[in-house]
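Subject: Structure handover

Hi,

Here is the structure we talked about. Please open it alongside this note; what I found follows below.

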Amino acid sequence: MRKLATLVLFVCTLSSISFSADMLAGLKAYQEGRYEEAYENWIYFARRGNAEAQYNIANLYRRGEGVLTDSSKAYIWMLFASEAGLASAQYNLGVMLLKGDGVPMSQVRAEYWLKESAKQNHAGAIKLLNDLSNPTPTPVASPSPQPTSIPTPLPSPTPIATPSPTPTP
């Protein structure tokens, strides 16, 4: 029985090492501009529910890196990663919903995902929620032809996710 437990632990360790190596290979390919290769490394894990890989695939579709730009596919992959609890994905999904990027605009749904991200102390989500709760007042019109307040642009999406460190047995 003890040998079986050791064998199971060994196989699990090998599979997590392989997983990390493949995710890192995708990250290296991405950093070197080999986006198609990064996509191939990450899509395998994304389809199997890995939130970081799903987030990375979503960003490739958003930016058109290694794949054709497709905001609908970006939204779907970002939603998968958000539902899995990845704070960066939840933040970016909130931004996509505020902008109507690949999905109809919805401040209610955007705020839901931003709050989920903020629960994990995502600084961008916390700031954006604060900005949405306390909008800058519009100045009273003056007689001179002055421009009205310029809306604050939405923050940029966060960068590609790096794999989480694999716990050692």
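Lys119 is exposed, because its relative accessibility is 60% and the cut-off for exposed is over 50%. Its side chain meets that of Glu116 in a salt bridge, at 2.8 Å from N to O. Bear in mind that this is a predicted model.

Asn121 has a positive phi of about 65°, although it is not a glycine. Where does Asn121 sit? It is in the loop between α6 (107-118) and α7 (123-133). Asn121 is exposed, with a relative accessible area of 62%.

Next, helix α7. Asp131 forms a salt bridge with Lys127. The closest N and O atoms of this pair are 2.9 Å apart. Both residues lie in α7, 4 residues apart, which is about one turn of the helix. The general rule fits here: an α-helix has 3.6 residues a turn, so residues three or four places apart point the same way. Side chains of opposite charge can then pair when their charged atoms come close. The two partners fall into separate accessibility classes: Lys127 counts as exposed at 51%, and Asp131 counts as partly exposed at 35%.

Salt bridges that share partners also join Lys28, Glu32, Arg34 and Glu37 into one network. Within it, the side chains of Arg34 and Glu32 meet at 2.3 Å, N to O. Arg34 is partly exposed, with 30% relative accessibility. Glu32 is partly exposed too, with a relative accessible area of 46%. How many salt bridges does the count come to? The count comes to 6.

Last, helix α2, residues 35-47. Does its length add up, or what span should we expect? At 1.5 Å a residue, its 13 residues should span 18 Å. The end C-alpha atoms are 18 Å apart, so the two values agree. There is still a kink in α2, of about 25°, centred on Asn41. Asn41 is also buried. Other buried residues in α2 include Ala38, Tyr39, Trp42, Ile43, Phe45 and Ala46. After α2 comes Gly49, with a positive phi near 95°.

When you go through the model, I would start with the Asn121 loop between α6 and α7, then turn to the α2 kink at Asn41.

Best wishes

Definitions and conventions:
Residues are numbered from 1 along each chain as its sequence is written. This is a predicted model: local features need pLDDT of at least 70, side-chain atom pairs count only at pLDDT 80 or more; totals for chains, interfaces and linings use all residues. Side-chain values use heavy atoms; hydrogens and water are left out. Helices (H or I, at least four residues) and strands (E, at least two) are DSSP runs, numbered from the N terminus. The expected span of a helix is 1.5 Å times one less than its number of residues. The bend at a residue is the angle between axes fitted to the seven residues ending there and the seven starting there. Buried means under 20% relative accessible area, exposed over 50%, partly exposed in between (1.4 Å probe, protein chains only). A salt bridge is a side-chain nitrogen of Lys or Arg within 4 Å of a carboxyl oxygen of Asp or Glu.
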